[in-house]
Amino acid sequence: MDKRLRDYISRSKNAVFFGGAGVSTESGIPDFRSVDGLYSQQYDYPPEEILSHTFFCRHTEEFFRFYRNKMLFPDALPNAAHRALAALEQAGRLSAVITQNIDGLHQRAGSRRVYELHGSVLRNHCMKCGRFYPLGHIISSAGIPRCECGGTVKPDVVLYEEPLDGDTIERSVEALAAADLLIIGGTSLNVYPAAGLIHYFRGGNIVVINKSPTPADAGASLVITGPIGEVMDIEGESL
Ligand code: ZN
């Protein structure tokens, strides 16, 4: 782990991590906002439009074509950053992970207190009867995934135009307000309202780890530019 980051963590009694897409790119999950040429060839709409509530309602089948092809990575594994955060929580040094990611990799690495601001692809519910379906149901079905009752099965993923879950926001705000160290990692902080939550942090130190500049850099005690897995890697180190 970066020595400067380690120093801040060792001086902290209650750290919180706030992360985004950059945490998962090292697990092979690309940020869908980084539109490449492939999108424009395969889809008639930009990803932000396809992943909107309106598009889901009007073009449900096209939504799922994009969703299955571009949003699901069932074989992705946690990387060094996920593992470090799980270990920090277990050691009593980190009280929560607040994430904009929807892949469930923090939990898979062993993190327990994870607040998923944008939901999770691992949870899916029938829009008609509310029955739960695992990710496998979405992957193995074709076209629009259906419930036994005939209803459409919708991923518990917050689409554009949809509000964030109130309970998740409340818990995130509580964790941020109680923390003395905020580690912001793998996010450019340009997706709202999620990014606005960091303003609830009242503690002394902010550490930013990202490959590109963020709006939080100016108020940060430490800015580390680099791949987050490498920066946070604690393999073979004691906490
Ligand atoms: Zn149903």
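## Exercises on a domain interface and a histidine

The centres of domain 2 and domain 3, taken over C-alpha atoms, lie 18 Å apart. The contact (heavy atoms within 4.5 Å) takes eight residues from domain 2 and 15 residues from domain 3. This is a predicted model, where local features need pLDDT of at least 70, side-chain atom pairs count only at pLDDT 80 or more, and totals for chains, interfaces and linings use all residues. Residues are numbered from 1 along each chain as its sequence is written, and side-chain values use heavy atoms, with hydrogens and water left out.

**Exercise 1.** Describe the interface of domain 2 and domain 3.

*Solution.*
- Start with the bounds, which come from an automatic or database domain assignment: domain 2 is 30-72 and domain 3 is 121-157.
- Next, take the area: the two bury about 910 Å², with 74% of it on carbon and sulfur atoms. Buried area here is the accessible area (1.4 Å probe) that two parts lose on being put together, summed over both.
- In domain 2, F64, Y67 and R68 lose the most area to domain 3, together 51% of what that side buries.
- Finally, count salt bridges (a side-chain nitrogen of Lys or Arg within 4 Å of a carboxyl oxygen of Asp or Glu): there are zero between these domains.
- Helix 6 (residues 60-71) gives the largest share of the domain 2 side, six residues; helices are DSSP runs (H or I, at least four residues), numbered from the N terminus.

**Exercise 2.** Decide whether H106 is buried or exposed.

*Solution.*
- Locate H106 in helix 8 (residues 105-109).
- H106 counts as buried because its relative accessibility is 2%; the cut-offs are under 20% for buried and over 50% for exposed (1.4 Å probe, protein chains only).

Notes. Helix = DSSP H or I, 4+ residues; strand = E, 2+ residues; numbered from the N terminus.
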